[in-house]
Structure formats: structure tokens, C-alpha cells
Amino acid sequence: MSATAENTFDIVILGGGSGGYACALRASELGLSVALVEKGKLGGTCLHMGCIPTKALLHAAEVADTAREGSQFGVKTTFESVDMSGVNAYKDGVVGRLYKGLQGLVKSKNIDYVEGEGHLVATNAVEVAGRRLVGKNVVLATGSYAKTLPGLDISGKIMTSDQALFLDYVPARVVVLGGGVIGVEFASVFKSFGSEVTIVEALPRLVAAEDEAISKQLERSFRKRKINFKTGVKFSGATQTGDVVQVSLESGEPIEADLLLVAVGRGPVTAGLGYEEAGVTVDRGFVLATASCQTNVEGIYAVGDIVPGLQLAHRGFAQGIFVAEHIAGLNPPVIDEMGIPRVTYCEPEIASIGYTEAQAKEKFGEIETYDYNLGGNGKSQILATQGFVKLVRQKDGPVVGVHMIGARMGEQVGEAQLIYNWEALPSDVAQLIHAHPTQNEALGEAHLALAGKPLHAHA
Ligand SMILES: Cc1cc2nc3c(=O)[nH]c(=O)nc-3n(C[C@H](O)[C@H](O)[C@H](O)COP(=O)(O)OP(=O)(O)OC[C@H]3O[C@@H](n4cnc5c(N)ncnc54)[C@H](O)[C@@H]3O)c2cc1C
């Protein structure tokens with residue numbers, strides 16, 4: 001089929017997840033003509049299988065814990081049980097409303113939304129069900145999938161987050177393979193729902209991408225919550241007999257479970273889509289792109305989880321917006337990967353931005369750190385949460401890392417990202433007033449202390 005006028009666009013976007021749809025919305029706001037190709041549901045992983053449904057489960061988990069812990073606050077509550085059909089109805093309701101809203105948003109813009117599986121068939125064209133969409137620019141945004149390990153088949157009671165999101169029962173015993181973000185979030189949910197949970201992680205610590213002090217605190221908190229974990233231990237296999245999974249570890253120790261959740265990372269969805277045939281450089285499945293999201297082929301961009309780096313929805317949004325603005329000639333500033341906030345929504349929550357202590361030492365040489373313990377924070381005492389705010393600064397220079405753990409710390413990352421991205425000095429932040437009593441105040445207290453004028457801190 002030859003390219004007709006209505007099949008030619010300023011931008012053709014392959015994939016309607018966080019990266020792809022953000023690019024489409026911004027491009028249309030800038031007056032560019034856009035085709036957005038999606039084979040599944042608009043909104044992609046984040047809306048349907050990732051951020052939103054998992055955070056709904058985590059909220060239900062928090063409600064369960066609150067019911068259990070009422071007496072600690074002098075309120076007589078009893079925890080009865082978790083009704084998964086009710087939890088799923090609540091979760092699906094949240095997803096459904098956001099999905100409807102997003103569909104309406106895309107419809108209201110001048111975006112040609114094309115349903116179907118697309119393939120890159122030339123450096124400037126995507127084909128979907130026999131329709132050839134020609135773009136002056138093409139954006140690859142096909143996202144990622146849940147990986148497993150060689151020989152470990154996903155079936156029955158061995159599942160990834162894709163299936164675990166739709167459970168209609170609470171399993172009695174769960175083994176979570178992988179102590180990264182997705183693994184610890186699900187471990188936290190299962191424990192709050194009443195499962196006995198064991199995390200198996202090959203690396204020496206949980207959430208190994210975070211500052212070491214954060215891992216230590218999370219491990220302390222998980223121990224207190226009676227979430228079992230085995231770190232530095234390699235998984236060697238799993239077999240299913242009836243409804244029971246026998247998990248074997250290289251240490252020789254078997255663990256029996258009613259569900260094995262495989263949370264060993266996410267791989268890029270790029271195979272068989274024509275990327276390499278079009279000359280796009282791909283490394284172990286990931287599309288290599290510059291800081292301005294350009295691939296090695298002129299006019300082809302890549303955004304989101306298919307590009308090596310943090311696999312986060314807001315990174316995809318930012319890259320999608322960046323590409324639209326770049327194509328429109330607005331000359332937007334490139335994205336600093338270290339300036340992207342990271343939140344792990346387990347209980348206790350973890351939030352961070354910038355360099356860990358070890359990374360900062362390597363990058364900047366001389367650094368200073370300060371840990372503000374939540375024990376001195378009024379709101380933390382009220383919430384009965386433990387943790388800290390840790391700051392990393394260049395010696396006599398700006399704050400280059402903020403690492404927080406404790407209840408509601410995810411919500412504090414907004415200020416932390418301003419501090420990092422504006423290269424604030426501790427004294428800049430120390431003069432700003434933080435409301436009392438809030439969890440946010442802990443961030444202020446940490447900066448007061450690092451600026452040499454501690455208030456509710458012993459050092
Ligand atoms: C369990 C879980 C929890 C998560 N929690 C968070 C969180 O709390 N916060 C956060 O920031 N991130 C979270 N993430 C990560 C987040 O979901 C991803 O980073 C984000 O969705 C990536 O966006 P993307 O646009 O690159 O890809 P995706 O969202 O995966 O979208 C890609 C889209 O492309 C479509 N597609 C693929 N191939 C084709 C084709 N050939 N033709 C047409 N369409 C195609 C797919 O159907 C999909 O809709 C989570 C992920 C998981 C799995």
C-alpha cells in the first residue's frame with residue numbers, strides 16, 4: 001500500500017504506554033500530527049499491570065494493617081479477613097476510571113489512535129493490519145515484559161506480577177524470587193494480607209540499587225514484620241506438585257510454598273518488531289538511545305522501558321514529552337537520569353533521588369553525609385514509624401543524594417527532587433520552613449543539621 005496523505009504524520013508512535021501516550025499528548029498540544037499505535041490497552045503496563053494496580057493493593061494492605069494495629073492507638077479494631085473479590089473490585093475500579101479518563105483525553109486531542117500490533121517496516125514507517133503509517137519521525141515505545149529465569153516456566157502457582165495482580169485468594173505461603181522493587185512491594189502486600197512470606201535474593205541485600213543504609217533499615221523493618229528473606233542465596237529450581245511449589249536453593253535448603261512469585265526484572269519488548277532490520281542498534285534487546293532519546297537512525301527515537309536505565313513510568317512520561325518538544329523545535333533540556341525520583345511503595349516506604357553514598361564517593365571524591373533519625377520527628381512518633389532521611393552532599397557543595405525510609409516517605413520525594421535538581425546547598429533548604437508536625441519536616445531537619453544548625457537532632 002502506498003503512503004496516502006491521511007497516513008502521513010509528523011510523528012508515528014509505536015506503543016501507547018507511559019512513554020508513548022505522553023509523547024502523543026504533548027505532540028498534539030504542540031500542533032503536530034500524531035498516530036499512536038497500541039496493540040493492547042491504552043496506558044500500557046503502568047496503568048493496567050504495574051504502578052496503579054499494585055499501589056491499590058498496597059493501599060488495601062495498609063488498611064488491613066491499620067485494622068490490626070488499632071489497639072496500639074487506643075482504638076478497638078479487629079482484623080477479620082481480606083476479601084480478594086472486594087480488593088479486586090476496588091483496584092479494578094481505580095484502574096477503570098483512570099483508563100476511561102485517559103481514553104477521553106486522547107480522543108479529545110488530534111491524535112490518530114490506531115488499534116493493532118505494529119511493526120517498523122522502514123526507517124519512517126510502521127505497518128498495522130495492512131495500514132502503512134508514514135512518519136517524519138518515529139518513536140519506539142513498546143515497553144517491557146516480566147522476565148523469568150531459564151528453565152522456570154510461568155504456569156499454575158508459579159507466576160509473575162502479571163498473574164499475581166489478579167489473584168482471587170490469599171495464598172498461605174509465598175516465596176518471592178527477587179528482592180528488588182517489585183519483589184519487596186508484593187512481599188509487603190502478601191504479608192499484610194496474611195501470607196507467610198519468604199524473599200529469595202541472589203544479591204547480598206534487598207533493594208540493592210538503593211543506598212546500603214536503606215537496605216539495612218528495610219531488612220530491620222521486614223524482620224520486625226516477620227517477612228522472611230534470604231539474601232546472597234541463589235535459586236536453583238522449582239517444581240509443582242498439585243497446588244504446592246517446591247523451591248530449591250543452591251544452598252540446598254528447600255522451601256515449600258503455595259505460590260512462587262517470580263520478580264527477577266523486566267526485559268524490553270523489541271524482538272520481531274523490525275527494529276534491527278531498520279538499522280536501529282539494539283543491545284541485549286534494549287534500544288540504545290542518546291540522552292535526547294535519539295537512536296542511531298535519524299528520525300527514530302526511543303522512550304521508556306526499552307531504553308536502558310530506570311524502568312519507571314514518570315521517566316517514560318518525561319522522555320515522551322522531551323521527544324515531542326524536541327521534534328517541535330523547542331530545544332528542551334535533556335533529562336538527567338540521576339534527577340529522576342525513585343519510590344518503592346512497600347511498608348515502610350522508600351524514596352530516593354540522586355547518588356547513593358557509595359556512588360557519590362566514586363563520582364565526587366570528598367563527600368559528607370547526614371542521617372536524620374525519624375525517632376526525633378513528631379509526626380513519625382504519632383504514626384509509630386521508624387526510619388531516617390539520609391543526605392549526601394559534595395564536601396562544601398550541593399546535596400547530591402537524598403535517601404528516605406519510613407511511613408509516607410514516597411510523598412516527600414517531590415521536595416527531594418527539587419533539592420537535587422536545583423543543586424541546593426543544605427543552607428538553602430535550611431532557611432525554608434517545613435510544617436510541624438509532618439513527615440516532610442524530617443527533610444527540613446536533616447538539612448538544618450547538615451547546615452550546622454540542628455534542631456530536634458542529637459548530632
Ligand atoms: C508490577 C509493576 C509495578 C510498577 N510500579 C511502578 C510504580 O509504582 N511507579 C513507576 O514509575 N513505575 C512502575 N512500574 C514500571 C512502569 O509500569 C513502566 O516503567 C512503564 O509502564 C513503562 O512505560 P513504557 O511506555 O515504556 O512501556 P509500557 O507501559 O509497557 O507500554 C508499552 C505499550 O506498547 C504496546 N506495544 C508493545 N508492542 C507493540 C506493538 N508491536 N504494536 C503496538 N503496541 C505495542 C504494549 O501493549 C504497551 O501498552 C511498575 C511496573 C510493574 C510491572
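Let's start with Gly 316, which sits in helix H8, a stretch running over residues 313-327. Keep in mind that this is a predicted model. Is Gly 316 buried or exposed? Its relative accessible area is 2%, and buried means under 20%, so Gly 316 counts as buried. What does Gly 316 touch, once its neighbours within four places in sequence are left aside? The answer is Ser 18, Gly 19 and Gly 304. You can also look for Ala 302, which is 14 residues away from Gly 316 along the chain. The C-alpha atoms of Gly 316 and Ala 302 are separated by 9.8 Å.

Now try a residue in a loop. Thr 385 is found between helix H10 (378-383) and strand S23 (388-394). Thr 385 has 10% relative accessibility and therefore counts as buried too, given the cut-off of under 20%. If you skip residues up to four places away in sequence, Thr 385 is in contact with Leu 374, Ser 380, Gly 406, Ala 407 and Gln 439.

Next, the strands. Here is some general background: strands of a sheet pair through backbone hydrogen bonds, and they can do this parallel or antiparallel. You can find both kinds of pairing here.

For the parallel kind, go to the open sheet made of five strands, whose order is S8-S15-S9-S10-S11. At its edges are S8 (158-159) and S11 (228-231), and each of these pairs on one side only. Inside that order, S9 (residues 173-177) pairs with S10 (residues 196-201) in the parallel sense, over five bridges. S9 is mostly covered, with four of its five residues buried. Two of the matches between S9 and S10 are easy to look up: Val 174 stands opposite Val 197, while Leu 177 has Val 200 as its bridge partner.

For the antiparallel kind, look at S4 (residues 118-122) and S5 (residues 125-128), which are joined by four bridges. Where does Gly 118 find its bridge partner in S5? At Val 128. S4 and S5 make a hairpin, and two residues lie between them.

Here are the two strand pairs in one place:

| Strand pair | Direction | Bridges |
|---|---|---|
| S9 (residues 173-177) and S10 (residues 196-201) | parallel | five |
| S4 (residues 118-122) and S5 (residues 125-128) | antiparallel | four |

One more general point helps when you look at any of these: in a regular strand, side chains alternate between the two faces of the sheet.

Finally, zoom out to the whole protein. How many helices and strands does the protein have? There are 13 helices and 24 strands. The C-alpha trace spans about 70 × 60 × 40 Å along its principal axes. With 459 residues, a compact globule would have a radius of gyration near 23 Å, and the protein's own value of 23 Å agrees with that. Buried residues make up 52% of the 459 residues. Among contacts between residues at least 6 apart in sequence, 63% join residues at least 24 apart.

As for the outside, the accessible surface comes to about 20700 Å², and 52% of that belongs to carbon and sulfur atoms. The protein carries 39 positive and 51 negative side chains. The centres of these two sets lie 3 Å apart.

Technical notes. Residues are numbered from 1 along each chain as its sequence is written. This is a predicted model: local features need pLDDT of at least 70, side-chain atom pairs count only at pLDDT 80 or more; totals for chains, interfaces and linings use all residues. Side-chain values use heavy atoms; hydrogens and water are left out. The radius of gyration is taken over C-alpha atoms; the globule rule is 2.2 Å times the number of residues to the power 0.38. Buried means under 20% relative accessible area, exposed over 50%, partly exposed in between (1.4 Å probe, protein chains only). Contact means heavy atoms within 4.5 Å. Accessible areas come from the Shrake-Rupley method with a 1.4 Å probe; for residues, only the protein chains shown count as cover. Lys and Arg count as positive and Asp and Glu as negative; His and the chain ends are not counted. The place of a charge is taken as NZ of Lys, CZ of Arg, CG of Asp or CD of Glu. Two strands pair if DSSP finds at least two bridges between them.
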